[in-house]
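Hi everyone, thanks for letting me have the slot today. I'd like to walk you through one protein chain, starting with the overall picture and then zooming in on a few spots.

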Amino acid sequence: MNKQLMTILKKRYGLALFITSLCIILFYGYNGVSDVKRWHEMNAYFDSEEYIKDLQQLSEDDSPRYSGLSLGERQALDKKEGLSLFYQTTSYDEHGKLISVSDQPYFSAYFNENPILLIAVLATAGFLMFFTDLKTAFNEFLFSLGVSKRRIYFSKFALVSLPLLSSVLLAKIVFVGIITTGIPTEYVNIGLPTLAANVLASWTTCILYFSLSAFIGLVTGNMILGPLTVFGFCTSLEFFITGVLNAWYYFTNATIDRYITNNFFVYTVSKESISALPIILALTISVLLFIFGSFLFPKLTLEKKGNYLLFDKLKVPVVIAMTLYVPMVLVFSSGVYFGEEVSSPIPSLLTYCILTALIGSYLVFRKEINEWINLKRQLNRNSSISS
């Protein structure tokens, strides 16, 4: 790494990075303390006179789950279901027998990470890493240092992504540590390997959104369309993946009413089993975007910094990507039901493809289209004058 370059970049990003990383860690620490406090409040409620009184007055007819249980056993059952770190929705038959819940998803009242806020912070930081320097003319200064553009690219990524993403991982570890040590062991119904797998899986999701946003910030230069692109892409990514899965199922099994609605990537700690596919996909996309960006950044020119796309070779691929991406989200993300009374999604899919292609083409080739229109007008004007 060039020492002068790193010194300049540290002065440029250091304070903002420190504050952002510290806020992430403190926020997760605060959430952990709050969740532990909430657990102890619930525990105190289950031992309160008000709760005991209500429990005594509750008949077995009103709640079959208490059938044949003493007051202490009722209390123990409520504590087990209400204070365990993870729980599944439960139901009982008329005899008070627990109906199997093995296929039900797990929930938690004591793991509140607020992943949406975290993803928003990381996406914003990733996008601004290149976009801000482009719009504030800081790139001109960096390019005048005599350092290769590829070295500038790697230095930026190293200085921004490593501390920021490391703080996210540390924050998640602190968060999990506070909760698992602040709650009695008998209520922590999740093993350490599962916890570790969930933390790492959710961390790879953070890496993915940071990398996607950084790449968008690298290739776009429009003050309005750039932020809208990263916002739209990050908020619709899960819908796109869901749409792809639903579309695949629809075109290969068009006789059964079945569709996918669950999140593909891991965002929070859960007791659900972790698939390796989303982890591998997140890391693979992140690495590919990082490598692709390292080839694009050296070709960056300052003359096009106001364009929606800064690289001409990306124009056609971006239009094609838009044409495939948007209709998939709009048509298949909520699932497709089959039946005689339900219309085929194909007409809607084709309609959205055409509209998206037209709108996308104008956004990407707006300058060329306007120049062509102006040229036509000029030719018509000259023709009218000549005649």
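One term before we start: a residue is called buried when its relative accessible area is under 20%, exposed when that area is over 50%, and partly exposed in between. Also keep in mind that what you see here is a predicted model.

With that term in hand, what share of the chain counts as buried? Of its 387 residues, 39% do. As for the outside, the chain exposes about 21,500 Å², and carbon and sulfur atoms supply 65% of that area.

Now the layout. The chain has 12 helices and 2 strands. If you read along the sequence, you go α-α-α-β-β-α-α-α-α-α-α-α-α-α. And if you take the contacts between residues at least 6 apart in sequence, 77% of them join residues at least 24 apart.

Let's pick one helix, α3, which covers residues 71-83. Those 13 residues reach 18 Å from the first C-alpha to the last, close to the 18 Å expected at 1.5 Å a residue. Which residues of α3 are buried? They are R74, Q75, L77, D78, K79 and L83. And what do they pack against? The answer is α1 (3-46) and α2 (49-57).

On to charges. A search of the whole structure turns up 9 salt bridges, and I'll show you three of them.

In one of them, R38 pairs with D35, and their closest N and O atoms are 2.5 Å apart. The two residues sit 3 places apart in helix α1, so about one helical turn separates them. Here's the general background: an α-helix has 3.6 residues a turn, so residues three or four places apart point the same way. Are these partners buried or exposed? D35 is buried, at 1% relative accessible area, while R38 is partly exposed at 33%.

Another bridge links K156 and D133, with 2.7 Å between the closest N and O atoms. K156 belongs to helix α6 (residues 149-182) and D133 to helix α4 (residues 115-135), so this pair ties together parts that are 23 residues apart in sequence. Both partners are buried in this case.

The last one I picked is K315 with D312, at 3.5 Å from N to O. K315 is buried at 8% relative accessibility, and D312 is partly exposed at 43%. This pair also belongs to something wider: salt bridges with shared partners join K304, D312, K315 and E368 into one network.

Next, cysteines. Quick reminder: a disulfide is a covalent bond between the sulfur atoms of two cysteines. How many disulfides are counted here? The count is 0. As for the cysteines I looked at, C23 is partly exposed, with a relative accessible area of 45%, and C353 is partly exposed too, at 21%.

Last stop, the surface. Have a look at L330, Y352, I354, L355, L358 and I359, which make a nonpolar surface patch of about 600 Å². Which helix gives the most to the patch? That's α11, residues 346-364, with 5 residues. Take L358, which is found in α11: its relative accessibility is 57%, and exposed means over 50%, so L358 counts as exposed.

That's my tour, happy to take questions!

Technical notes. Residues are numbered from 1 along each chain as its sequence is written. This is a predicted model: local features need pLDDT of at least 70, side-chain atom pairs count only at pLDDT 80 or more; totals for chains, interfaces and linings use all residues. Side-chain values use heavy atoms; hydrogens and water are left out. Helices (H or I, at least four residues) and strands (E, at least two) are DSSP runs, numbered from the N terminus. The expected span of a helix is 1.5 Å times one less than its number of residues. Buried means under 20% relative accessible area, exposed over 50%, partly exposed in between (1.4 Å probe, protein chains only). Contact means heavy atoms within 4.5 Å. A disulfide is a pair of cysteine sulfur atoms within 2.5 Å. Patches are made of residues with over 30% relative accessible area and no salt bridge: like charges are joined within 9 Å, nonpolar side chains (Val, Leu, Ile, Met, Phe, Trp, Tyr) within 5 Å. Accessible areas come from the Shrake-Rupley method with a 1.4 Å probe; for residues, only the protein chains shown count as cover. A salt bridge is a side-chain nitrogen of Lys or Arg within 4 Å of a carboxyl oxygen of Asp or Glu.
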